[in-house]
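Let's walk through this one together, starting at the surface and working through rings, a helix and some charged pairs. Have the sequence and the viewer open side by side.

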Amino acid sequence: MAATDLLPYVKYSRASVIILWLAVLAMPVAIFSTTLLYIVGPAVLLALLFFNLTFIALGSSYIPTEELLDKEEENQRSGEKKPLHQLSEERRNFIQNSLDQWCMDLGYKDCNVNMLTLSRTLCISKDELSVFFDQYLKTTFRIWLGDIRFNAAKKMMFEFPDYSNDIISAECGFSARTYLYRIFKSKEGCTPTEWREEQVANAAPDDEKQD
């Protein structure tokens, strides 16, 4: 989930927390000693600055799940494609039923889901899922998951018109509201708010429309 290795940042954050705790423990004694206070005081400030810098570094290195999926898909396209084996009809039906059940269980609401976690959840190998999406659904996992979430978002908007776009995006598995806007723009040619208003207008009784 990060652009760079998070381990150094985590180590630095833990070190700063330890320094803070040591400084806090020494503070009662330092209050009665001016000399010691000159040492403990700056140490506390440096530990706070150290922790803030590492915490900011952790946040700035974070990449939303959708961007990671986009990069993974681009890497797969640019890399050498391995020959994909055929799936039996029985196996195809099993995978399709497993995916349908996963959708019914609202697995798509997990914004961190990817091909690997889906494979482990369904107990189906990642290669088999790749073959299924590529050869039988004629799409990719990224596009398929986006369509599932998009349809779920439209259904929720229609059933709960008072829900905000932030709630809709979170409930349907989008890691950020911007991806909800992006998919509505690409598929409907409008924003989620505009689509919602259009649906409400179309659902209004004829006499209200005339008024």
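Y12, I19 and F50 make a nonpolar surface patch of about 260 Å². Keep in mind that this is a predicted model. Y12 has its place in helix α1, which covers residues 7–31. With a relative accessible area of 42%, Y12 is partly exposed; a patch residue needs over 30%, so Y12 clears that bar.

Now for the aromatic rings. Searching the whole structure turns up nine aromatic pairs. One of them is F160 with Y163, a stacked pair with 4.8 Å centre to centre and 10° between the planes. Stacked is the right label because the cut-off is planes under 30 degrees apart. Are these two rings buried or exposed? Neither quite: F160 is partly exposed, at 35% relative accessible area, and Y163 is partly exposed too, at 33%.

Elsewhere, ring pairs link W102, F132, F133, Y136, F141 and W144 into a cluster. Two of those names, F141 and W144, come up again in helix α7, where they are buried. Other buried residues of α7 include L145, G146, F150, A152 and M156. F150 also has a charged partner: K187 lies over the face of its ring, 5.8 Å from the ring centre.

While you're at α7, check its length. The helix runs over residues 141–159, and its 19 residues should span 27 Å at 1.5 Å a residue. The end C-alpha atoms are 27 Å apart, so the expected span and the model agree.

That leaves the salt bridges. How many are there? The count comes to five. In one of them, E128 pairs with R91, and the closest N and O atoms are 2.9 Å apart. This pair links distant parts of the chain, since E128 sits in helix α6 (residues 126–136) and R91 in helix α4 (residues 89–104), 37 residues apart. The two partners have their own surroundings: E128 counts as buried at 14% relative accessibility, while R91 is partly exposed at 26%.

K154 and E188 meet in another salt bridge, at 3.5 Å from N to O. Here K154 belongs to helix α7 and E188 to the loop between α9 and α10, with their positions 34 residues apart in the chain. E188 is partly exposed, at 34%.

Finally, look at R177 and D166, whose side chains form a salt bridge at 3.5 Å, N to O. R177 lies in helix α9 and D166 in helix α8 (residues 165–171), so the bridge ties together parts that are 11 residues apart in sequence. R177 is partly exposed at 42%, and D166 is partly exposed at 43%.

Technical notes:
Residues numbered from 1 in each chain as written. Predicted model: local features only at pLDDT ≥ 70, side-chain atom pairs only at ≥ 80, totals over all residues. Heavy atoms only, no water. Phe/Tyr/Trp six-rings, centres within 6.5 Å; stacked < 30°, edge-to-face > 60°. Buried < 20%, exposed > 50% of the residue type's maximum accessible area, 1.4 Å probe, protein only. Lys NZ or Arg CZ within 6 Å of the ring centre and 35° of its normal. Patch = residues over 30% accessible without salt bridge, like charges linked within 9 Å, V, L, I, M, F, W, Y side chains within 5 Å. Areas by Shrake-Rupley, 256 points an atom, 1.4 Å probe, with all protein chains shown as cover. Salt bridge = Lys/Arg side-chain N within 4 Å of Asp/Glu carboxyl O. Helix = DSSP H or I, 4+ residues; strand = E, 2+ residues; numbered from the N terminus. Expected span 1.5 Å × (residues − 1).
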